[in-house]
Amino acid sequence: MPELPEVETLCRQLKTILPGEEILRIEILDARLGTIEGLVGRRVEAVKRRGKFLQICISGGLTAELHLRMSGRLFWQKGGVPPFPSYSRLVIAFPAGTLILIDPRRFATFTVQPVSSAPALVEDPLGGLSARRLREIARTRRRPVKSFLMDQRLIAGIGNIYACEILFAAGIDPRRPSSGLSPAEWRKVAKMSVAILERAVACRGTTVSDWRDLFGCSGTNQDHLAVYARQGEICRRCGGKIERITQGGRGTWFCPSCQQ
Ligand SMILES: [Zn+2]
């Protein structure tokens, strides 16, 4: 599932191509996306990200908003002629090339409206997290700290991979109740969240299954994963063994000796 670094990767890549481009044609290949009207002939003014929503600002005061959900990705194809890749659901043609939404599981959404409907965020980790704010929100919550980091209503865009990696980098056991972390520990979580996510953006995301960037290339952050999907392997920090447990129905990977 694309997390914040993957969406930010697409946002940065789109920024280098789309602003100023005129929308020549839109083809909806999957009726589940609904109708998309009023875009042809308008120009892209800007590309932004709010949480895991990609926003394409269009002349005339419209905003096209894309959420990739489970399996969506974007692909930039030079030239606008078929064949399009398998599982293409939406095609937007520009003079410079064609933007294609590929989405095997078909949960991605694309809407066009005068104003954004993306929810206001409590915190965007790439903007820097406030340790004090995190601690305030967590004070009354007994859920494990890993579930807290993954709660999209509180912090945008941290999914399973990055939650595991952040807690390893911060040296915190993922099973601890969020209300029990000290101010110093929240400072570590805040600092490591930004560091881990920024590195993932610099690596154009983590390709452990099907993630590809706008140009069809794999990310490289999987080469930096310290714990995720490494159960039974050696911890590079202490030489101990990485373990896997299940939390909230998802796998959690951690090092029992490095994470207290
Ligand atoms: Zn270790």
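**Helix packing and internal cavities**

In this predicted model, helix α4 (residues 160-170) packs against helix α5 (residues 183-202) at an angle of about 130°, with the two axes 9 Å apart. This makes α4 oblique to α5, a class that holds what is left once angles under 35 degrees (roughly parallel), over 145 (roughly antiparallel) and 65 to 115 (roughly perpendicular) are set aside. On the α4 side, the contact (heavy atoms within 4.5 Å) is made by Y162, E165, I166, L167, A169 and A170, and on the α5 side by K188, V189, M192, S193, I196, L197 and A200. By class, these contact residues comprise 10 nonpolar, 1 polar and 2 charged.

Turning to the interior, 2 cavities of 30 Å³ or more are counted; a cavity is a set of points on a 1 Å grid where a 1.4 Å probe fits but cannot get out, and its lining residues have an atom within 4 Å of a point. The largest has a volume of about 50 Å³ and is lined by I56, L66, L74, L90, I92, L99, I100, L101 and F110. Strand β7 (97-102) gives the most to this lining, with 3 residues. The second largest cavity holds about 40 Å³ of space, and its lining consists of I23, L39, I56, I58, A64, I92, F94 and F110.

Residues are numbered from 1 along each chain as its sequence is written, and side-chain values use heavy atoms, leaving out hydrogens and water. Local features need pLDDT of at least 70 and side-chain atom pairs count only at pLDDT 80 or more, while totals for chains, interfaces and linings use all residues.

Key. Axes are lines fitted to C-alpha atoms, for helices over the stretch in contact, and angles run from 0 to 180 degrees between N-to-C directions. Helices (H or I, at least four residues) and strands (E, at least two) are DSSP runs, numbered from the N terminus. Ala, Val, Leu, Ile, Met, Phe, Trp, Tyr, Cys and Pro count as nonpolar, Asp, Glu, Lys and Arg as charged, and the others, Gly among them, as polar. On a 1 Å grid over the protein atoms alone, a cavity is a set of points where a 1.4 Å probe fits but cannot get out, and a pocket is an open set with protein on both sides within 12 Å along at least five of seven lines; lining residues have an atom within 4 Å of a point. Grid points are joined across faces, edges and corners, and a volume is the space filled by probe spheres set on the points.
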